[in-house]
Amino acid sequence: MALWDSVAELELKVDGYKLERRESSTPSGWTRVTTTVVLEGEGATGEGEDVTYEAEMHEEVPDELMLAGTWSLEDFSHRLDEFEELAEGFRRWAFESAGLDLALRQNELGLGAALGRQELPVRFVVSTRAAPDRWLEVAPELEFKLDAEKDWNRSLLRTLRELDRVRVVDLKAYYRGTAVDLPPDPELYRAIAEELPDAVIEDAWLENGCREALEGAEHRLSFDAPVHSLDDLDGLPLEPEWLNIKPSRFGTVRSLFETIEACEEREIKMYGGGQYELGVGRLQIQRLASVFYPEGLNDVAPSAYNEGEPREGLPQSPLPAREELGF
């Protein structure tokens, strides 16, 4: 049975919903804002998190959509199709994931049980721009996903290689107009591929000499930002051997599950990705990893890793499987 078919007919009863805003000052100096959608029905609640990055956009989360009723999860998703306010993927995912959470809870199911899958402990890596050696001083077994920076040189890359803890390097070539943009640079790409020969290389640009600079490293290429659907996966300039799954990019549960199934069929290795969630969204990306890619290079570290400087006492990898009701 297809993954979506396993949950599409789950019934959920919605009485209404409320919104909960969260804010957190980040170590890098910006304020992260998210909004949690809390669906309510028959004494149960289902939650999903809107991870839209622009703080001002959280003033526009709709709070009076007519969602009350008894639905199958598929019909509930079709109902959400009717609202222009939910056309943007991050916001749509907040309502979709809240619907999935509520349906599972009202049917006394956990995600793994609903899909007929075992939930397993989750390996995670820590995504950071801080020097990883500072983290390793307090937690020597940590693994890392690092955002490349334009001033990286071979000397620094050799130091990173000697640490033997960097598992993914993100080139962020598909971001535009953000603080983390990294202009494509064939020389930087070549240096990363050569000096970090075991690291997965995420979101590389593949034009203007960049693909040639990565010759021999094709089996390490992964994508994230360009992929919001199975059609996007099919439209990549090459079929990757790796894919970063960020559910909020997909908008709907069905689109997410279709892409995960395609990756399994094509033997594309998956790992989870986060978007600085402040609430339930972080737990949900960990839950997906537990069900589908527990041994992946999962960028789903507990939120505490985003809340301060390197320090002792934080949860370590792997995270235990939760196997509780809901999403």
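A residue counts as buried when its relative accessible area is under 20%, and as exposed when that value is over 50%. Keep those cut-offs in mind as we walk through this structure, which is a predicted model. Take Asp203 to begin with: its relative accessibility is 0%, so this residue counts as buried. You'll find Asp203 in the loop between β9 (200–202) and α8 (210–213). The backbone has a quirk here too, since Asp203 has a positive phi of about 55° although it is not a glycine.

Lys172 is another non-glycine residue with a positive phi, in this case near 50°. Look for Lys172 in the loop between β8 (166–170) and α7 (186–195). Its relative accessible area is 9%, and because that is under 20%, Lys172 is buried. So what does the side chain of Lys172 meet in a salt bridge? The partner is Asp147, with 3.9 Å from N to O. Asp147 sits in strand β7 (residues 144–147) while Lys172 is in the loop between β8 and α7, so this pair ties together parts that are 25 residues apart in sequence. Asp147 is buried, just as Lys172 is. The two also belong to a bigger story: a network of salt bridges links Lys145, Asp147, Asp170, Lys172, Glu202 and Asp299.

Let's stay with salt bridges for a moment. How many does a search of the whole structure find? The count comes to 36 salt bridges. One of them joins Arg117 to Glu264, where the closest N and O atoms are 2.8 Å apart. This pair links distant parts of the chain, with Arg117 in the loop between α4 (111–115) and β6 (126–128) and Glu264 in helix α11 (residues 253–266), 147 residues apart. Neither end of this bridge is buried: Arg117 is partly exposed, with a relative accessible area of 28%, and Glu264 counts as partly exposed at 31%.

Helix α11 also holds Arg266, which makes a link of its own. Arg266 forms a salt bridge with Glu239, and here the closest N and O atoms are 3.7 Å apart. Glu239 is in the loop between α9 (230–234) and β11 (242–245), and the two residues are 27 residues apart. With a relative accessible area of 31%, Arg266 is partly exposed.

Now for the rings. The structure holds 13 aromatic pairs. One of these is Tyr53 with Phe90, an edge-to-face pair with 6.4 Å from centre to centre and 65° between the planes. It brings together distant parts of the chain: Tyr53 is in the loop between β4 and β5, Phe90 is in helix α3 (residues 89–106), and 37 residues separate them. Are these two rings buried or exposed? Tyr53 is partly exposed, with a relative accessible area of 35%, whereas Phe90 is buried at 12%. Next comes another pair, Trp135 with Tyr305, which is tilted: the centres are 5.3 Å apart and the planes are at 40°. Trp135 lies in helix α5 (residues 132–138) and Tyr305 in the segment after α12 (280–292), so far along the chain that they are 170 residues apart. Both Trp135 and Tyr305 are buried. Going back to Tyr53 and Phe90, ring pairs link them with Trp30 and Tyr276 into a cluster.

The loop that holds Tyr53, between β4 and β5, has something to show on the surface as well. Glu56 is found in the loop between β4 (44–50) and β5 (69–72). Its relative accessibility is 51%, so Glu56 counts as exposed. Together with Glu54, Glu60 and Glu88, Glu56 gathers in a patch of negative charge on the surface.

Two last stops remain. In the segment after α12 you'll come across Pro318. The peptide bond leading to it from Ser317 is cis, with omega near 0°. Finally, head to helix α1 (residues 3–8), the place of Val7. Val7 has a relative accessible area of 0%, so this residue is buried. For a sense of distance, the C-alpha atoms of Val7 and Ser155 are separated by 51 Å, and the two residues are 148 residues apart along the chain.

Notes
Residues numbered from 1 in each chain as written. Predicted model: local features only at pLDDT ≥ 70, side-chain atom pairs only at ≥ 80, totals over all residues. Heavy atoms only, no water. Patch = residues over 30% accessible without salt bridge, like charges linked within 9 Å, V, L, I, M, F, W, Y side chains within 5 Å. Areas by Shrake-Rupley, 256 points an atom, 1.4 Å probe, with all protein chains shown as cover. Salt bridge = Lys/Arg side-chain N within 4 Å of Asp/Glu carboxyl O. Lys, Arg positive; Asp, Glu negative; His and termini not counted. Charge placed at Lys NZ, Arg CZ, Asp CG, Glu CD. Helix = DSSP H or I, 4+ residues; strand = E, 2+ residues; numbered from the N terminus. Buried < 20%, exposed > 50% of the residue type's maximum accessible area, 1.4 Å probe, protein only. Phe/Tyr/Trp six-rings, centres within 6.5 Å; stacked < 30°, edge-to-face > 60°.
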